[in-house]
Amino acid sequence: MTPKTTLYMIEERATVEAAKAAFDGEFEKFDDQPTLNGEDAGALLSEVGTLRVRHTGKKSLLAEAKKLIGKVSPEQRGEFGQFVQSVERSIVERLDAAENRLKAAVLEAKTEAERIDVTIPGRRVKRGTLHPITIVRQRIEEIFVSMGYSIEDDREIETDYYNFDALNIPEGHPARESQDTFYTTDGFALRSQTSTVQIRAMERRGVPIRIIAPGKVFRRDTPDMTHVPMFHQIEGLCVDKGITMAHLKGTVTEWLKRLFGEDTVTRFRPSYFPFTEPSAEFDFSCFKCHGTGKLDGERCRPCKGSGWIELGGSGMVHPNVLKACGVDPTVYSGFAFGFGLERMAALMYSIDDIRHLFENDVRFLEQFG
Ligand SMILES: [Zn+2]
């Protein structure tokens, strides 16, 4: 019996064989694929798409072969149709299989790339450093806490009463002038000294009392190498029965010794402050030249060759201040002192312009701490 394939025209059959052969020729490399990286798989995937259009699209040999189905004789049509379909099915199946495999390879590569490797060392958070003002303040706080003082903090915006009246600074005193003090539009003052905390603390805690109050103060100064309109002070206050000037001198000398060394000496010069009586400014022997005024044969810079460094003001708390806080000055007495932290920091770190402290330049600030 003659095979059925010979029943229809050899030409039609040749077209289908040609379509199959053309596909086989181009598709061969997809049949045996090694493990692919994501990039190669992506490129091959788009190549499969191109092959699909070329071999199964409207202009493909296969499409041409399908058109022939209608042209063969009705009795040959069924068989020829099945032959075309089986070739088409095999082409489509192989394209689908290759496409699925490549898609899986692309996805796997993507997952691999996004996988978190927990064994890679983490990036360290860069640690900042303390501001020089903070460093100096903390060292001084530690010294006073070890001497039995507590640390007080209070508001920076004050009424005239706390900033001036209670501190025995009368109306008409130059410090009250608006060219020296910042006022809000409501008539409040930005405190011009931390002495306001003395009043607040005595009102709140009563006496006896031993406190230091570090904080910001504000004065209408034009910024230059040694002045800024906002700076920091530390205020000290000790009120008890029988407190004398000797306690003041002893306390100031002791904390300066602890900060700058055992050989540090102090001196007190008579002065005037409205809230203390008597009042004195205090100096200490230069920590660089140890009071000699000379460093390596040259004039010592921090003390300008004098051997002494002027630091702050002090005195015995004025009876009027005690009275303003409801403390009987015939029973209690006390001393107070205050000094600027910027000046301390500038001395300790040899900073020649205190404006650097507030410019927030990291290159400057990271040198400390
Ligand atoms: Zn010196």
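Student: How many Å does helix H2 reach from its first C-alpha to its last?

Tutor: In this predicted model, helix H2 covers residues 38-56, which is 19 residues. At 1.5 Å a residue a span of 27 Å is expected, and the span found in the model is close to that, at 26 Å.

Student: Where on helix H2 do its buried residues lie?

Tutor: The buried residues in H2 are Ala41, Leu44, Val48 and His55. An α-helix has 3.6 residues a turn, so residues three or four places apart point the same way. Seen down the axis of H2, the buried residues fall within an arc of 60 degrees, so they line one face of the helix.

Student: Which exposed residues does the face of H2 turned away from its buried side carry?

Tutor: Having placed the buried residues on one face of H2, we can look at the face turned away from them. The exposed residues carried there are Glu39, Ala43, Ser46, Gly49, Thr50 and Val53.

Student: Which strands stand at the edges of the sheet?

Tutor: Seven strands form an open sheet with mixed pairing, in the order E1-E4-E5-E11-E10-E7-E6. Each edge strand has a single partner strand, so one side of each is left without a neighbour in the sheet, and these strands are E1 (150-151) and E6 (266-273).

Student: What is the bridge partner of Ile211 in E5?

Tutor: Strands of a sheet pair through backbone hydrogen bonds, either parallel or antiparallel. Strand E4 (residues 209-218) pairs with strand E5 (residues 230-240) in the antiparallel sense, over ten bridges. In E5, the partner of Ile211 is Leu237.

Methods: Residues are numbered from 1 along each chain as its sequence is written. This is a predicted model: local features need pLDDT of at least 70, side-chain atom pairs count only at pLDDT 80 or more; totals for chains, interfaces and linings use all residues. Helices (H or I, at least four residues) and strands (E, at least two) are DSSP runs, numbered from the N terminus. The expected span of a helix is 1.5 Å times one less than its number of residues. A residue is buried if 20 or more other C-beta atoms lie within 10 Å of its own, exposed if 12 or fewer, and partly exposed in between; C-beta atoms are placed from the backbone. The arc is that of the directions from the helix axis to the C-beta atoms. Two strands pair if DSSP finds at least two bridges between them.
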